[in-house]
Amino acid sequence: MKILVTGASGTVGKYAANELLKMNASIVVAGTDTQKLLKIYGKDVERVKLDFTKEETFDAALQEVDRVFLMRPPHLGKAEDLYPFIQIMKEHGIKLVSFLSLMGVEKNPIPPHHKIEKYISELGLPFAHIRPGFFMQNLSGIHAEEIKENNKILVPAGKSKTSFIDAADIGLAIATVLKDPERYKNTAHTLTGPQSLDYFEVAELLSQVTKKHISYADPGFLSYRSHYINNRGLDKKYVNVTMALYLMTRLGTAEKVTDEFEKLTGKKPTSFREFAERNRGSFM
Ligand SMILES: NC(=O)c1ccc[n+]([C@@H]2O[C@H](COP(=O)([O-])OP(=O)(O)OC[C@H]3O[C@@H](n4cnc5c(N)ncnc54)[C@H](OP(=O)(O)O)[C@@H]3O)[C@@H](O)[C@H]2O)c1
């Protein structure tokens, strides 16, 4: 039997799939664009088309699959968008689903992840929820353009702190639980990096690593929204979900540091400085 990796062309999916391959697990990588998957993984890794909005793609994706890494594509803003696929997983007798959730959602019903977690457990699907803090890759990915071009970090998090985690560490944690479904059945793991930083401290670390002067713009919600929708052309639903997440962040929900990554994997989580040094080119 195989492990289905959804969102396999995405930030976390790629790391999860590669960690599973290193562990010699049988996997099938999935996404809406199989050509993209072929380019990333080559022809030796099995790939399948899966679109959460197209039920006709579900059965083929779950053939001979008994475990699933499930992620919610950021533009699917409603939890209900994932319900049809979750129901089909139940019908296929999946023995562990590891859902990429979000730190703190067990107590916060606003992000869609809350309802998705609840739906999975209500259906009686065995789960190992992964609840990470914000990804370090947000800085080298979505926010890199403003850093590269204007030496500014444009995130509406105010003065709050965030216990950033490297998505590579999340991938390792996901592979760990999926490789041992009996042990991790019906568990949840809040994963963070080793320290909590505000964005002024992030700017200072990035300045030291790049030897440029990078500052935190500390934008308000309206200027953030207007920039990412009007200047960058990002999907409105995606930007709205991120605004809700940064509102929570301002209330302190992203600050907690846990030792669950080390407990799960036996490794120390990557620090922000290590990440910045490894990804220096993304900020230059
Ligand atoms: N960024 C953070 O700090 C953070 C923190 C905690 C939790 N999260 C959660 O992590 C998730 C995002 O993970 P990520 O950053 O790894 O994703 P990502 O890099 O944005 O990748 C999105 C993936 O979704 C796939 N996809 C898009 N539309 C699809 C559809 N209709 N059906 C099936 N697959 C589809 C894409 O593949 P194709 O291109 O092939 O379609 C792609 O592989 C979100 O739920 C987010 O809330 C993020």
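Which helix gives the most to the lining of the largest cavity? In this predicted model, local features need pLDDT of at least 70 and side-chain atom pairs count only at pLDDT 80 or more, while totals for chains, interfaces and linings use all residues. Numbering runs from 1 along each chain as its sequence is written, and side-chain values use heavy atoms, with hydrogens and water left out.

The answer is α12 (residues 236–250), with 3 residues; helices here are DSSP runs of H or I, at least four residues, and strands are runs of E, at least two, numbered from the N terminus. A cavity is a set of points on a 1 Å grid over the protein atoms alone where a 1.4 Å probe fits but cannot get out, and lining residues have an atom within 4 Å of a point. The count comes to 1 cavity of 30 Å³ or more, and the largest holds about 80 Å³, the space filled by probe spheres set on grid points joined across faces, edges and corners. Among its lining residues are Leu102, Phe134, Leu245 and Met248.

Two asparagines stand out for their backbone. Asparagine 151, in the loop between α7 (144–150) and β7 (152–153), has a positive phi of about 55° without being a glycine. Asparagine 186, in the loop between α9 (181–184) and β9 (187–191), likewise has a positive phi, near 60°. Asparagine 151 is partly exposed at 26% relative accessible area, and asparagine 186 is partly exposed at 45% (buried is under 20%, exposed over 50%, partly exposed in between, with a 1.4 Å probe and protein chains only).

Conventions
On a 1 Å grid over the protein atoms alone, a cavity is a set of points where a 1.4 Å probe fits but cannot get out, and a pocket is an open set with protein on both sides within 12 Å along at least five of seven lines; lining residues have an atom within 4 Å of a point.
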